[in-house]
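Please open the model in your viewer and keep the selection panel at hand. The tour below proceeds stop by stop, from the ligand to the domains and then to a single peptide bond.

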Amino acid sequence: MEPLAGKRLILGVTGSIAAYKAAYLLRELTRLGAEVTVCLTEHARQFVGPLTFRTLSGRPVLSDLFDPRGEEAVEHVALAERAHAIVVAPATAHVLAKAAHGLADDFLSTLLLAARGPLLFAPAMDGGMWEHPAVRANVDTLRARGVIVLEPDAGALASGLAGKGRLPEVEHIVEAVRRLLAPVADLAGEHLLISAGPTREPIDPVRYVSNRSSGKMGYAIATAALRRGAAVVLVSGPTAISPPPGAVFVPVQSAEDMREAILQHLGEATIVIKAAAVADYRPAHPSPAKIRSGQERLSIDLSPNPDILKEVAARRGSAFVVGFAAETGDVAAHAVAKLRDKGIDLLVANDVSREGIGFDADDNEVLLVDRWGGTEPLARRPKSMIADAILDRVLALRAHAQTTRAR
Ligand code: CTP
């Protein structure tokens, strides 16, 4: 089932240049099954028109041109009362101030007062404003009341300045919404060690051998595990995505770096998930100087990298070990053989020859093969949902293994 199925949300959008990102957020929330009603402030309408939000949500957009004291508005206040949560993204300094002080001079601020469910603000504002004592005080007031106010990201701002004030990444807002609405902590007390992304094997100081892995699958597992209460160490090769807040993040480059980092954190791990696409071979003699152009022929000798997963399986103690397999052809047969060869508990196999799933895609479709002879296909769905399904399977298999051992 979609993780936000049946959840009624109101998405408040306020007047920031980041308002266009609210369209991506809306798309993600609806993709996960939420029923989202959008409320635009008058200033937000200057940045993005209601048609975009009406089309993406499939519902009328509440707007400030609509008098909140009018008769029709009453129904919408009832909508706020029935909403499971109100999410304001982007949230300007102004809306934070109004919410902190209980002002209700437009539609959104009226809804914020009428809401019975939790409130979540994803701030976006210009350099320096976030640090201003007035904003700090308003954020403190809201947080003291149990309202979630996410930390904005640091980086380049629309004004040309740099600082803390960027809207948090859409995926992090989605994750915060999920955490707010489904506070399951079935991984509390677990220590997950997760590897993700490709490795880079140097040829010379400027070139390397690598692969197409984006890291999305491993990061999605780390994110889901954190939401479910686990402590997470994420060992990652170079990727273009930002690590989930709350993870201990260990960036690495080569397979040898990755091996070292994994073995260093293996001791405390209760579950190890190796989603990384480790390069099987590395240049045997990386050149210390840049290799010049103009040569008739050039060949690179490759030597095998250590198999990190095998080593982890051999030294795992009581940890549950999950591997991934990038396959083409007869995925099921290769998966069973690889599971045995590596000596692991669960293998997640995907067919990397197919378009739209697997490497660098947002969706995945996998086959789970376990040590006890079970197989479970997971039909195509977003990687965040595949991540939860893998974690569900790990918990079920471990419980099964423990009861069988106890008998
Ligand atoms: N893996 C690893 N160390 C390596 C190679 C792979 O830890 N040197 C891990 C990956 O992280 C993944 C699993 O092994 O969890 C399978 O990776 P895959 O590339 O599918 O398999 P290989 O073992 O490389 O086998 P082959 O390429 O021959 O299919």
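A polar contact, as the term is used here, is a pair of N or O atoms within 3.5 Å. The structure on display is a predicted model.

**First stop: polar contacts of the ligand.** Select the ligand together with Leu309. A backbone N or O atom of Leu309 is found 2.8 Å from a ligand oxygen atom, and because the cut-off is 3.5 Å, this pair counts as a polar contact. Next, add Asp280: an N or O atom in its side chain lies 2.8 Å from an oxygen atom of the ligand. Then add Pro306, where a polar backbone atom is 2.9 Å from a nitrogen atom of the ligand. How much of the ligand's accessible area does the protein cover? On its own the ligand has 570 Å² of accessible area, and the protein covers 77% of it.

**Second stop: the shell around the ligand.** Now select the 14 residues around the ligand; those that come nearest are Lys274, Ala276, Phe324, Lys338 and Lys342. Colour the shell by class to see eight nonpolar, five charged and one polar residue. Helix H11 (308-314), strand E17 (320-327) and helix H12 (331-342) each contribute at least two residues to this shell. Which of these elements gives the most? Strand E17 does, with four residues.

**Third stop: the two domains.** Colour residues 8-181 as domain 1 and residues 191-406 as domain 2, following the domain assignment of the chain. Taken over C-alpha atoms, the centres of the two domains are 36 Å apart. At their interface, seven residues of domain 1 are in contact with twelve residues of domain 2. The two domains bury about 830 Å² between them, and 49% of this area is on carbon and sulfur atoms. Select Arg31, His172 and Arg178: these three supply 53% of the area that domain 1 buries against domain 2, more than any other three residues.

**Last stop: a cis peptide bond.** Most peptide bonds are trans. Select Ala89 and Pro90, which are joined by a cis peptide bond with omega of about -5°. Pro90 belongs to strand E4, residues 85-91.

Key:
Residues numbered from 1 in each chain as written. Predicted model: local features only at pLDDT ≥ 70, side-chain atom pairs only at ≥ 80, totals over all residues. Heavy atoms only, no water. Near = heavy atom within 4 Å. Polar contact = N/O pair within 3.5 Å; in protein donor to acceptor, adjacent residues only side chain to side chain. Areas by Shrake-Rupley, 256 points an atom, 1.4 Å probe, with all protein chains shown as cover. Nonpolar A, V, L, I, M, F, W, Y, C, P; charged D, E, K, R; others polar. Domains from an automatic or database assignment. Contact = heavy atoms within 4.5 Å. Buried area = accessible area lost by both parts, 1.4 Å probe.
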